Amino acid sequence: MSDTHANIFEQQAANRRNTILVMAVFVLFVGFLGFGFDVFLFGFSHGKRAFSGFPIATFAALLLGGVSAYRGLENGARSILDSSGALPAPADDPRYTQLHNVVEEMAIASGLPKPQVYVIPDPDPNAFATGKDPDHACIVVTQGLLNTLDREELQIGRASCRERV
């Protein structure tokens, strides 16, 4: 029986390729809109040159699209943290000591740097990770998850089969 699922490193490589592809398509699309504006503004020449005038809008759109894509990549995690209301979990706060210990243990076991730890003050159990690479990673958990799971469940990343009320 062959394993058809990609391992985590293949998934990461595919995600990086897809991110670059989506960003390139975005920049090209914005550049195409700028080109359309140039054609509308300057029109086509019937002489030897196919386009009259410098494509200012095309150049500006490509520049704006490139800067926007780059800033999205660099500041995407911060935007997600801000929009979710995530707050840093202080390492010296006893309420979050267990969480920091679990995250550090998992980072050591995986051979990756310890990500920054954030908590969302929400009673619903949930968690996610964000960041552009392991050096800029963030783990985010809700207060509801911390209140619901014990250390073992938090470490394996899933709730146990027993019901919780």
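Reader: Happy to be looking at this one with you! What is the mean pLDDT of the protein chain?

Author: Good place to start, as this is a predicted model. Of the chain's residues, 85% reach a pLDDT of 70 or more. The mean for the protein chain is 84.

Reader: And over which residues does pLDDT stay under 50?

Author: There is one such stretch to point out, and the model gives it 10 contacts beyond four places in sequence. The stretch where pLDDT stays under 50 is residues 158–165.

Reader: Thanks! Are helix 1 and helix 2 roughly parallel or antiparallel?

Author: Helix 1 covers residues 8–42 and helix 2 covers residues 56–84, and their axes lie 7 Å apart at an angle of about 155°. Angles over 145 degrees count as roughly antiparallel. Therefore helix 1 is, relative to helix 2, roughly antiparallel.

Reader: How many nonpolar residues does the contact of helix 1 with helix 2 have?

Author: From helix 1 the contact includes Phe26, Val30, Gly34 and Asp38, and from helix 2 it includes Ala61, Leu62, Gly65 and Leu73. By class, seven of the residues in this contact are polar and one is charged. The nonpolar residues number 13.

Reader: Lovely. Now for Leu145: is Leu145 buried or exposed?

Author: Leu145 sits in helix 4, residues 143–148. Beyond its neighbours within four places in sequence, Leu145 touches Asp124, Pro125, Asn126, Ala127 and Leu154. Its relative accessibility is 12%, and the cut-off for buried is under 20%. So Leu145 counts as buried.

Terms used. Residues are numbered from 1 along each chain as its sequence is written. This is a predicted model: local features need pLDDT of at least 70, side-chain atom pairs count only at pLDDT 80 or more; totals for chains, interfaces and linings use all residues. Side-chain values use heavy atoms; hydrogens and water are left out. Helices (H or I, at least four residues) and strands (E, at least two) are DSSP runs, numbered from the N terminus. Buried means under 20% relative accessible area, exposed over 50%, partly exposed in between (1.4 Å probe, protein chains only). Contact means heavy atoms within 4.5 Å. pLDDT is the predictor's confidence in each residue, from 0 to 100. Axes are lines fitted to C-alpha atoms, for helices over the stretch in contact, and angles run from 0 to 180 degrees between N-to-C directions. Angles under 35 degrees count as roughly parallel, over 145 as roughly antiparallel, 65 to 115 as roughly perpendicular and the rest as oblique. Ala, Val, Leu, Ile, Met, Phe, Trp, Tyr, Cys and Pro count as nonpolar, Asp, Glu, Lys and Arg as charged, and the others, Gly among them, as polar.
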